[in-house]
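Here is a short tour of one protein chain. Keep the structure in view as you read.

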Amino acid sequence: MSPRFHHEDTVREPEAVTDLFAQLGVRFSFDPAGPSFSYRETRDGDESLTVARLAMGGPFSTWGDTEVFGVVEVRGACYDWSTSDEQGSGLGGPVLFRPGHPALVVAGPLEATNVYLTAGVLQEIADTVYGIEGTPVAFASSRPAGPALAHYWSGLARWAAETSASEAFEEPVVRADLTRRLAVGMLECFPLSWDRELRSLSMAAQGRRYRSAVAYFDDNAQRPVTVEDAARAANTTTAALVRAFRAHHPLGLTPAAYLRRVRLAGAHADLVAGDPTAGDTVAAVAARWGFAHPGRFAAAYRATYGVAPRRTLDT
């Protein structure tokens, strides 16, 4: 994963604001309605996700298109937006800006939390979560699908702002989890052009496959089982099972990575209970749980438990 970036900018020239937005792939021009225009922004993210907390002073209008998907959560006196087929107020809920749908915004002084996801990462997560590969992400509206979902997104935006401003955001695992949650939130909160019933059925099927495979791995990890065995137990294909795990596991693990983790936990339990005076060895425990290479097992064990497996056995 790419490194985190953090930027803080305060400008008064509309051209400078245009340049800041262009860095994200948002090609909007800004036209102040008076001399009081100002812009202050704190921006955190990586190559997939950007969370921007901003404040704009004075009335202004802005017009343009975007290469990324962005959701704007506004607090202010005025925020009227329009596209070729829709118009509304951003004060009543979040607004989605999407590629291929140029928009005009007329607004006054405001504060906002903007969440941007690249088209590539949103497509990848949509393919994984819904299992409808080959169907480009396309939203039917810039408005949320309903008041409850608008409220849900507002909570996500607050959480994204808090997380991106914290030290934990330095960790790639934290950023990956936040990216996935925001992407799924965007896909769920705003109406897609896809058939909603088909999408819901796909998600439900993936959930069943995931839970079935997890149970299979948990029950049979010490046996010589494979990912293909788990796929058969879940009545699906290996490729579909990989998508289900990436969509539903909190860390997005693949089935193979999950099986290795379960087996490593089993080996750890055996090492804790082992007795070197009775002939128990690290190599034997590792092999029992499917780790044929002692050095690689020791490296994986140390990375997970912070000590060498020999130390656990000897304790």
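## A buried aspartate

Start with D44. Its relative accessible area is 0%, so D44 counts as buried. D44 sits in strand 3, which covers residues 38-45. This is a predicted model, and every value here is computed from it.

Two polar contacts involve the D44 side chain. One joins D44 to the side chain of H6, at 2.6 Å. Another joins D44 to the side chain of R53, at 3.2 Å.

What else is D44 in contact with, leaving aside its neighbours within four places in sequence? The list holds R4, F5, H6, L49, T50, V51, R53, S164 and F169.

## The largest nonpolar core

In soluble globular proteins, nonpolar side chains tend to be buried together. Here the largest nonpolar core has 31 residues. L122, V137, F139, W153, L182 and M186 have the most contacts inside this core. Several elements each supply at least two of its residues. The strands are strand 4 (49-57), strand 6 (69-76) and strand 11 (110-117). The helices are helix 2 (119-130), helix 3 (147-164) and helix 4 (172-189). Which element gives the most? Helix 4 does, with seven residues.

Take W153 as one of the residues with the most contacts inside the core. Sequence neighbours within four places are again left aside. W153 then touches V71, E73, P94, V115, L182, G185, M186 and C189. Two of these names, L182 and M186, also appear among the residues with the most contacts inside the core.

## Cysteines

How many disulfides does a search of the whole structure find? The search finds zero.

Is C189 buried or exposed? C189 has a relative accessible area of 0%, so it is buried. C189 is also among the contacts of W153. C78 has a relative accessibility of 26%, so C78 counts as partly exposed.

## An exposed loop residue

Now look at N235. This residue lies in the loop between helix 6 (227-233) and helix 7 (238-248). Its phi is near 60°, a positive value in a residue other than glycine. Is N235 buried or exposed? Its relative accessibility is 70%, so N235 counts as exposed.

## Confidence

The mean pLDDT of the chain is 90. Of its residues, 96% reach 70 or more. Where is confidence lowest in the chain? It is lowest in helix 5 (residues 196-220), at a mean of 82. Confidence is highest in strand 9 (residues 95-97), at 97.

Methods
Residues are numbered from 1 along each chain as its sequence is written. This is a predicted model: local features need pLDDT of at least 70, side-chain atom pairs count only at pLDDT 80 or more; totals for chains, interfaces and linings use all residues. Side-chain values use heavy atoms; hydrogens and water are left out. pLDDT is the predictor's confidence in each residue, from 0 to 100. Helices (H or I, at least four residues) and strands (E, at least two) are DSSP runs, numbered from the N terminus. A disulfide is a pair of cysteine sulfur atoms within 2.5 Å. Buried means under 20% relative accessible area, exposed over 50%, partly exposed in between (1.4 Å probe, protein chains only). A nonpolar core is a set of buried Ala, Val, Leu, Ile, Met, Phe, Trp, Tyr and Cys residues joined through side-chain atoms within 4.5 Å. Contact means heavy atoms within 4.5 Å. A polar contact is a pair of N or O atoms within 3.5 Å; within protein, one must be able to donate a hydrogen and the other to accept it, and residues adjacent in sequence count only if both atoms are side-chain atoms.
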